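Dear colleague,

I am passing on the structure we spoke about, with the sequence alongside. My notes on what was found in it follow below.

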Amino acid sequence: MGEVNPEELPGLTLLRLTDLGRMVERLLEAELAGREVSLAELRVLSVCAAHPGVTAVEVSRILLVEPPTVSRMVHPLSRRGLLSRRRSRTDRREVRLHVTAAGLALLAQCQPLLEQAQARLLGSLDEAERGSFRRAVETLLALLAGPGSGNRP
């Protein structure tokens, strides 16, 4: 094992990536300030809109969060009329999640805000760099969250 160089640690790409993640979260939370939804709730709504009838466990896998975290968000979203929960026709123990009309309207209101934030964040990159960045993010997420990877957060 090599020697530790403390001056190099802050510049390690993975540590810088966590800094980027925090900054992006702050940017998005600032865009959503004053809205009736948090960034975490918006992520749950967006997954449910993209995958009607998804279960909370499936949402947790897609978002790379633990199932109890999703459950804590589903209840208030349901109470506020943004998400509906329906028992599965084939397995009565299973609950399927569906975004309501009010939830879809909220997503429609938030989408331009998120697109503006993304444009601000990636605006200084040229089209090729934006494409490379998107592909790198998707590749890394697929590698880390892939079946049997053992790297699920």
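I begin with the packing of the helices. Helix H2 (residues 39-50) packs against helix H5 (residues 101-122) at an angle of about 115 degrees, and their axes lie 11 Å apart. H2 is therefore roughly perpendicular to H5, and the crossing of these two helices is left-handed. Please bear in mind throughout that this is a predicted model, and that the values below are computed from it.

H2 has a second crossing that deserves to be read beside that one. The axes of H2 and H3 come within 10 Å and cross at roughly 110 degrees, which makes H2 roughly perpendicular to H3 as well. The crossing of H2 and H3, however, is right-handed, whereas that of H2 and H5 is left-handed.

As for the overall arrangement, the protein chain has six helices and two strands, and its elements, taken from the N terminus on, follow the order α-α-α-α-β-β-α-α. Of the 153 residues in the protein chain, 27% are buried.

I turn next to the charged pairs. Side chains of opposite charge can pair when their charged atoms come close. The structure holds seven salt bridges, and I describe some of them here, beginning with a pair that joins distant parts of the chain.

Arg120 and Glu31 form a salt bridge in which the closest N and O atoms are 2.2 Å apart. This pair links distant parts of the chain, since Arg120 belongs to helix H5 and Glu31 to helix H1, with their positions 89 residues apart in the sequence. The two partners differ in their exposure: Arg120 is partly exposed, with a relative accessible area of 48%, while Glu31 is buried, because its relative accessible area of 16% falls under the 20% that sets the limit for buried residues. Glu31 also has a second position of helix H5 within view, for Pro112 and Glu31 are 9.9 Å apart in space, C-alpha to C-alpha, although 81 residues apart in sequence. Pro112 lies in helix H5, and at a relative accessibility of 36% it counts as partly exposed.

A second pair of this kind is formed by Arg80 and Glu41, whose side chains meet in a salt bridge with an N to O distance of 3.1 Å. Here too distant parts of the chain are linked: Arg80 is in the loop between helix H4 (67-79) and strand S1 (83-87), Glu41 is in helix H2, and the two are 39 residues apart. Arg80 is partly exposed, with a relative accessible area of 36%, whereas Glu41 is buried, with a relative accessible area of 11%.

The third pair that I would point out stays within one helix. The side chains of Asp19 and Arg16 meet in a salt bridge at 3.0 Å, N to O, and both residues lie in helix H1, three residues apart, which is about one turn of the helix. Asp19 is partly exposed at a relative accessible area of 26%, and Arg16 is partly exposed at 48%. These two residues do not stand alone, as salt bridges that share partners join Arg16, Asp19 and Arg22 into one network.

The surface has a nonpolar feature that you may wish to look at on screen. Leu14, Leu17, Leu140, Leu143 and Leu144 form a nonpolar patch there, with about 510 Å² of accessible area together. The elements that contribute two or more residues to the patch are helix H1 (13-32) and helix H6 (127-145), and H6 gives the most, with three residues. One of the members is Leu14, which lies in helix H1 and is exposed, with a relative accessible area of 66%.

Finally, there is one point about the backbone. Which residue other than glycine has a positive phi, near 60 degrees? The residue is Leu64, and its place is in the loop between helix H3 (56-63) and H4.

With best wishes

Methods. Residues numbered from 1 in each chain as written. Predicted model: local features only at pLDDT ≥ 70, side-chain atom pairs only at ≥ 80, totals over all residues. Heavy atoms only, no water. Patch = residues over 30% accessible without salt bridge, like charges linked within 9 Å, V, L, I, M, F, W, Y side chains within 5 Å. Areas by Shrake-Rupley, 256 points an atom, 1.4 Å probe, with all protein chains shown as cover. Salt bridge = Lys/Arg side-chain N within 4 Å of Asp/Glu carboxyl O. Helix = DSSP H or I, 4+ residues; strand = E, 2+ residues; numbered from the N terminus. Buried < 20%, exposed > 50% of the residue type's maximum accessible area, 1.4 Å probe, protein only. Axes fitted to C-alpha atoms, helices over the stretch in contact; angles between N-to-C directions. Parallel < 35°, antiparallel > 145°, perpendicular 65-115°, else oblique. Left-handed = near helix turned anticlockwise from the far one by under 90°.
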